[in-house]
Amino acid sequence: MGKSVLVINGPNLNLLGKREPEIYGRTTLSDIERMCKNCASNLGFELAFMQSNHEGEILDAIHNAVDTHDGIVINAGAFTHTSVALMDALKGVGLPCVEVHLSNTFAREDFRHHSYISPVAIGVICGFGAKSYTLALEALANYFEQQK
Ligand code: CA2
């Protein structure tokens, strides 16, 4: 059976391409969704893509993913650096999860160097802009292959 992956985007990522292009570039979240769907279809995945500015909605999506998806790619935005609740949810559901960031968070302010997601992720990809997402999908495909 084909695998299904949920791509989760956290707060403010809906502004991508519309505000602060000098930091986050001109690619919109819809562009990233298209890139992910194209990449997923090449890898033989089903793909669902969501964004929310609300921590609780993201928690619900993670909980519901257990019954519908085989893996998660998450850019938790600023919640990356603050949310014990997201860490607990990802650990709790136990689905393989890849953490992604557009920017290289380690080259930015100190408070972005710590992630609550990294300890419960199978891996982290950051700093490659929109390409971080498709690299994460390839990493998940590789992980699924190794699990066979
Ligand atoms: O580099 C990333 O992907 C981040 O997750 C982006 C978050 C930031 O808090 C993380 O430290 C790193 C911020 C997303 C905000 O996106 C905006 C896009 C356009 C205009 C304003 C915010």
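Author: A molecule sits in a cavity or pocket if more than half of its atoms lie within 2 Å of that space's grid points. The structure here is a predicted model, in which local features need pLDDT of at least 70 and side-chain atom pairs count only at pLDDT 80 or more, while totals for chains, interfaces and linings use all residues. Residues are numbered from 1 along each chain as its sequence is written, and side-chain values use heavy atoms, with hydrogens and water left out.

Reader: Where does the ligand sit?

Author: The ligand sits in the largest pocket, a pocket being an open set of points on a 1 Å grid over the protein atoms alone, where a 1.4 Å probe fits, with protein on both sides within 12 Å along at least five of seven lines. This pocket holds about 350 Å³ of space. Its lining comprises 18 residues, and Pro 11, Asn 12, Leu 13, Tyr 24 and Gly 77 are the closest to its centre.

Reader: What makes the pair of Asn 75 and the ligand a polar contact?

Author: A polar side-chain atom of Asn 75 lies 2.8 Å from an oxygen atom of the ligand, and because a polar contact is a pair of N or O atoms within 3.5 Å, this pair qualifies. The side chain of His 81 has an N or O atom 2.7 Å from a ligand oxygen, and Leu 102 places a backbone N or O atom 2.8 Å from an oxygen of the ligand. Taken alone the ligand exposes 510 Å², of which the protein buries 94%, with areas from the Shrake-Rupley method and a 1.4 Å probe.

Reader: What is notable about the phi of Asn 12, and where does this residue lie?

Author: Asn 12 has a positive phi of about 75° although it is not a glycine, and Asn 12 belongs to the loop between strand E1 (4–9) and helix H1 (21–24). Glu 20, in the loop between E1 and H1, also has a positive phi, near 45°, without being a glycine.

Key: Polar contact = N/O pair within 3.5 Å; in protein donor to acceptor, adjacent residues only side chain to side chain. 1 Å grid on protein atoms, 1.4 Å probe; cavity = no way out; pocket = protein on both sides within 12 Å on 5 of 7 lines; lining within 4 Å. Points joined across faces, edges and corners; volume = space filled by probe spheres on them. Helix = DSSP H or I, 4+ residues; strand = E, 2+ residues; numbered from the N terminus.
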